[in-house]
There are 4 protein chains.
Amino acid sequence: MPNSFGKLFTISTWGESHGPAVGVVVDGCPPGLPLTAAEIQSELDRRRPGQSDIVTPRKEEDRVEILSGLFEGKTTGTPISLLVRNADQRPGAYDDMREKFRPSHADYTYQAKFGVRDHRGGGRSSARETIGRVAAGAIAKKILALAGGVETRAYVTQVHDIVVPAGALQAFPTLAEIDASPVRCPHPATAAAMVERIKAVRAEGDSVGGVIECRVRNLPPGLGEPVFDRLEADLGKAMLSLPATKGFEVGSGFAGTRLRGSEHNDAFVMRGGHVHTVTNRSGGVQGGISNGEELVFRIAFKPTATILRPQQTVDIHGAQTELAARGRHDPCVLPRAVPIVEAMTALVLLDHWLRQSAQNRTFKF
Amino acid sequence: MPNSFGKLFTISTWGESHGPAVGVVVDGCPPGLPLTAAEIQSELDRRRPGQSDIVTPRKEEDRVEILSGLFEGKTTGTPISLLVRNADQRPGAYDDMREKFRPSHADYTYQAKFGVRDHRGGGRSSARETIGRVAAGAIAKKILALAGGVETRAYVTQVHDIVVPAGALQAFPTLAEIDASPVRCPHPATAAAMVERIKAVRAEGDSVGGVIECRVRNLPPGLGEPVFDRLEADLGKAMLSLPATKGFEVGSGFAGTRLRGSEHNDAFVMRGGHVHTVTNRSGGVQGGISNGEELVFRIAFKPTATILRPQQTVDIHGAQTELAARGRHDPCVLPRAVPIVEAMTALVLLDHWLRQSAQNRTFKF
Amino acid sequence: MPNSFGKLFTISTWGESHGPAVGVVVDGCPPGLPLTAAEIQSELDRRRPGQSDIVTPRKEEDRVEILSGLFEGKTTGTPISLLVRNADQRPGAYDDMREKFRPSHADYTYQAKFGVRDHRGGGRSSARETIGRVAAGAIAKKILALAGGVETRAYVTQVHDIVVPAGALQAFPTLAEIDASPVRCPHPATAAAMVERIKAVRAEGDSVGGVIECRVRNLPPGLGEPVFDRLEADLGKAMLSLPATKGFEVGSGFAGTRLRGSEHNDAFVMRGGHVHTVTNRSGGVQGGISNGEELVFRIAFKPTATILRPQQTVDIHGAQTELAARGRHDPCVLPRAVPIVEAMTALVLLDHWLRQSAQNRTFKF
Amino acid sequence: MPNSFGKLFTISTWGESHGPAVGVVVDGCPPGLPLTAAEIQSELDRRRPGQSDIVTPRKEEDRVEILSGLFEGKTTGTPISLLVRNADQRPGAYDDMREKFRPSHADYTYQAKFGVRDHRGGGRSSARETIGRVAAGAIAKKILALAGGVETRAYVTQVHDIVVPAGALQAFPTLAEIDASPVRCPHPATAAAMVERIKAVRAEGDSVGGVIECRVRNLPPGLGEPVFDRLEADLGKAMLSLPATKGFEVGSGFAGTRLRGSEHNDAFVMRGGHVHTVTNRSGGVQGGISNGEELVFRIAFKPTATILRPQQTVDIHGAQTELAARGRHDPCVLPRAVPIVEAMTALVLLDHWLRQSAQNRTFKF
């Protein structure tokens, strides 16, 4: 089931960019959860097009409809089907892509794999597919918050070569701090520079990438299922399943490879009657299992593949050709990717919470 | 099934560092494959302890026994059970760890998760668990080689702050070039420096980490299952399920976030009658599907957590204590991790090959 | 994923009887299949309410809408989302069930399991859930027919104590013969008696059960995955997942237990250059794998639990009470269950075809 | 993973009849369970060959070895690997089967599916594969007993046409009553007749089949996961995955199809402060979920395919031939199948217990 994710809290997304609709089915949601469409909508609004002047102007309200799994305002433990109709379709705008492969897009590989593809707006490979993830993630976030006050916070730390200064984000950022800027970087000065950069490259018909950091607090120790379903392995898979991602690192990550063991190890200490670590180079996970510290990881996003410049390419007949430059797109995907990262994180954590509960808390001998 | 990996070619590993044995069951191996224990053994020999003077001196022959799934030298399509007895056990050497949590190890998190743990040599969290992965990976590698000449080559590109010079490894390295140095870096001058560094930190009772790069050639286009089981997502999960890993990146990775789209996109070109890209910043995968170019990715390994220095920690009773320094360990895990990375890569690729074959080649309408 | 079925051709159904809609997501459909909503609709029409005077008069058109996975009339290999809006809702008709458990229904067990339930029309436990199965099964049937002329035919052989005479159905029944009677028994005299019996018990406010037989021809040998995913095991699970089923048997079934081995064994014989069996007590499956003979199995359906007579029961407060008699229902579920059995059969067979293809036909050494 | 069973408590069996060994890996066992090899051995002893004069005289001690997952006598939550070496091998005894297909065995279908097969003693299709199931089931049974006093009891109710009289087994049979006769029927007079019948057909070189009934008491309500993983669906699959099974029915089963709804429905009643049913035609499961009544189901086993009479067959070259009569076998598989049925039942129930616990007990809103 390549379009499903999660073992016990499972989502199955469906839909193409220019088909009638996109959606998701959530299976395994615990019963009794109060839930409204408005709660899901507020997360979708953070990822929808047209929300600011640095994202794509495509006009989509992305109104979610709950089709099943709720009774008198509460979940029943049965599948929750969520639907969002596609609205602002201009399929004619994609005629040039019917036969030409856009560089660094999924056009050629979908054609090679399936022998057929819906070329309109990328079809299934479009980021519209993530609507289902965000909608399902909204439910997971609510459960995590109710269950243990778990908070998941993603934000942009790098756009192109503009980076938040080291040590500038010690405190756990608030949602208001993050959403204060359309670029979703909680460091105001850096955010302002990022916005300028995005506007500048857009003016040149170009695009930029960057890095999103995600932190989770109040996570209990014990989540993660060695040896293959380690917490960081499932988080890594979740993030690398997002369009445009090229890398994932947890805790000290790639930079940590330059430290010695004596510098890198996180010494244990008792604090408030609980085991804690003095430092957090582990990023909240040891041996594939959460250790109760803040979970910290980062994701690399490449520059948007769609650019408004002519590019060399080939067509489905094997002829060399040029791709004309046009269309509506995000010059930088990171601002809208922030809620998607949070959603995927919540989905992984809730799934592992349920798994941990089943295996390690059901029976006491 | 947290100890199983793969959908159609599935491995299930079992065993603890100081239990009677470790092993793996392989389910879904195609029938008719000629296979000998010697072929599996040669891969195990690349990861076994004591193979050089920069790895742990623990004495383990790691002899593999095939218990099922073979008939007259060929696979039958039934499960292949592989067994390796543990030999050089010195459980007394671990008495200090019975109650104390080793910093940046899995001791505390296993205790928190399961309420019990086999403290001897890390128990299940020991890297001995990867024996089963390497044994199963040997089978996958053979099938990939027979099926399409697919070659998987991993090697060390960084140890501590010693890095292979940019552009120095353009050609696909040979196995001989890689294994020429015990550190498994195919760039001789860099390899020599790495060996020196490892010996130096070992002499100080310390440890170092680094980066392994993996490349695959002759992979057909079409492997990878969007939207969640993208090829890079499953490779990322596979690598992040290995002990001591902190990061994964494919193609341009984190460095690619500093390029513009116009610099980063891989233009398409016809070459030899096939679609190719001029550059390979995508790392051989686009939209989650292989595009026929070389697959390229890198994994970050932290410095070994076991060091020969006293460390501050707590015990299972919540008392502050100190961990004495002793034991046999690898001052740098990367040389022995090279065959493990290759094994996991082959397992992911073969699994996706079977999935691609089932869905997209079974029926032609 | 308790609401998903199949490993490679996977369906995920969702929806409640009196919610806004019911539906299904199909993942793993091979690309390039020509498909129209009308083809799916024709299967749905065989299961919909109100189609004859021996089934429930509930008015539902059950119009299917294809929301994704198709492009220019062909499948693309991406998920196919199918939606059917619920129309004839009379939720007030179920007020009596809000607090009272209907005997031999799922009311009590859903309450015990989930702590909450949608009581309207049985909610998720309603047979309306099978709309998604039939819609997805229509796709599977078409692929099986195109791929190898595989035909799946289910029909009613017993209603109450009225049984098709032994040996009366040697030839493979045609669809026209089956649908000639509203009871879907291809033996006209028996069918007529069944219709009379159903009308008679309905007049008394009572209900009856019976047996459906299913046969499949042109199935190739080799389908089925021992040791757990045997073909008959997966067929059995599929059938026993249908509402109101109480038994499943393949080939000689329960009656075969009264034969000796020398009477029961199916001798092999060459016919037309292929291996065949003289008799077919195996029912087309040996060792869990299809042997190329006709697949034959039967399913027992209990009498409909909903009856128009007052019944003793308890309510959610633990008080003894009586359930009043009212509502629209099927006095015998078998006629409408015939297309559902065919759908589930096709889903199992296609899934196993894909699995067989992946493991045993991908590589030849 | 066709050789794995269960979602959260998963077993993976491996091994051939005449390979070096057979075994099983159990993943998902809760930690902290006291466990000894002797406890597993006692279940294996109930299924091993040579235990009485009505089963095969093959000499196998079937000694189990625990290779992992235990530490100081308790489970650790990591995989439990269990190994049984094959001892009494006479591969030469099977030379006749190398090229000839035994009627109603898996010889032909394995050849058709895999293109190769281990012909010695049936290879993977041998009932020796069930050793792993019984060993794993012993663990599941212990957990169920400790957790809630759940008792699983299977016994023989029919051999050939000898049937336990209706109503003779109202009380829940004790293990002693069942094992009092080698045929494992707790009704002494019937058991004696069964033993005579088995000896008689064996003397004629023939074989017989029959029916096993299984009952479970003290099962809580709420186990079972609609809509596909209904409790009876998973039990049915488990039983139909056993060699020689041809049918499965729960509660009233096939006989219930001859009742009217008004006769078949189980009225609810309060008893001891709990909801109960007056009758139990549902067999302890309603809507796919346990209702707290006794779970009751039956399995049909065909007569043993191996008989000591010459039989008509074909060989792998497509030539008509005759199969000579020889070998050691069970003239009736049911006595040894009793512990296997109990094992599979326990595995299904424990798996569903864990699933129910995860989804419906983890969070309370």
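This is a guided tour of a predicted model, taken one selection after another.

**The sheet of chain B**

Begin with chain B and select strands β1, β2, β3, β7 and β4, which in that order make up an open sheet of five strands with antiparallel pairing. Colour the edge strands next, which are β1 (4–5) and β4 (64–66) of chain B, each of them pairing on one side only. As background to what the cartoon shows, strands of a sheet pair through backbone hydrogen bonds, either parallel or antiparallel. Stay with the edge at β4(B), and follow its antiparallel pairing with strand β7 (residues 80–85) of chain B, which runs over three bridges. If you label V64(B), you will find V84(B) standing opposite in β7(B).

Now add the helices that lie across this sheet. Helix α1 (residues 37–47) of chain B lies across β4 and β7 of chain B, and runs at about 150 degrees to β4(B). Helix α3 (residues 130–148) of chain B lies across β2 (10–15), β3 (21–27), β4 and β7 of chain B, running at about 35 degrees to β3(B).

**A pair of helices in chain B**

Hide the sheet and select helix α6 (residues 231–240) of chain B together with helix α8 (residues 334–361) of chain B, which pack with their axes 10 Å apart and at an angle of about 145 degrees. The crossing of α6(B) past α8(B) is right-handed. To see the contact itself, show side chains for L231(B), D234(B), L235(B), A238(B) and M239(B) in α6(B), which meet V341(B), M344(B), T345(B), L347(B), V348(B) and H352(B) in α8(B). By class, the residues of this contact between α6(B) and α8(B) are eight nonpolar, two polar and one charged.

**Strand β7 of chain A**

Move to chain A and select strand β7 (residues 80–85), which is mostly covered, five of its six residues being buried. Which strands pair with β7(A), and over how many bridges? Strand β3 (residues 21–27) of chain A runs antiparallel to β7(A) and is joined to it by six bridges, and within this pairing V25(A) has S81(A) as its bridge partner. Strand β4 (residues 64–66) of chain A also pairs with β7(A) in the antiparallel sense, over three bridges, and here V64(A) is the residue that stands opposite V84(A).

**A glycine in a loop**

Select G209(A) next, in the loop between α5 (188–203) and β10 (210–217) of chain A. Is G209(A) buried or exposed? There are 27 other C-beta atoms within 10 Å of G209(A), and a residue counts as buried when that number is 20 or more, so G209(A) is buried. Measuring in the viewer from C-alpha to C-alpha, you should find G209(A) and C332(A) 5.9 Å apart in space, although they are 123 residues apart in sequence. Leaving aside residues up to four places away in sequence, G209(A) touches F301(A), K302(A) and P303(A), and also G256(B) and T257(B).

**Where chains A and B meet**

Those last two residues, G256(B) and T257(B), lead on to the second chain. Select the interface as a whole, in which 89 residues of chain B are in contact with 89 residues of chain A. On the side of chain B that touches chain A, 34 residues are nonpolar, 37 are polar and 18 are charged. Within the view of both chains, pick strand β11 (residues 245–250) of chain A and strand β11 (residues 245–250) of chain B, which run antiparallel and are joined by three bridges. E249(A) has G247(B) as its bridge partner in β11(B).

A rotation of 180 degrees, with 0.0 Å of shift along its axis, superposes chain B on chain A with an RMSD of 0.0 Å. Because 100% of the interface residues of chain B are also interface residues in chain A, the copies meet through the same surface.

**Where chains A and D meet**

Finish with chains A and D, where 20 residues of chain A are in contact with 20 residues of chain D. On the side of chain A that touches chain D, the elements giving two or more residues are α3 (130–148) and α8 (334–361) of chain A, and α8(A) gives the most, with six residues. That side of chain A has 12 nonpolar, seven polar and one charged residues.

Chain A is superposed on chain D by a rotation of 180 degrees with 0.0 Å of shift along its axis (RMSD 0.0 Å), which is the relation of a two-fold axis. To place that axis in chain A, centre the view on A358(A), whose C-alpha is the nearest to the axis, 2.3 Å from it.

Definitions and conventions:
Residues numbered from 1 in each chain as written. Chains lettered and ligands numbered in written order. Predicted model: local features only at pLDDT ≥ 70, side-chain atom pairs only at ≥ 80, totals over all residues. Buried ≥ 20, exposed ≤ 12 C-beta atoms within 10 Å, placed from the backbone. Helix = DSSP H or I, 4+ residues; strand = E, 2+ residues; numbered from the N terminus. Pairing = 2+ DSSP bridges. Contact = placed C-beta atoms within 7 Å. Nonpolar A, V, L, I, M, F, W, Y, C, P; charged D, E, K, R; others polar. Axes fitted to C-alpha atoms, helices over the stretch in contact; angles between N-to-C directions. Left-handed = near helix turned anticlockwise from the far one by under 90°. Least-squares fit on C-alpha atoms with pLDDT ≥ 70 in both.
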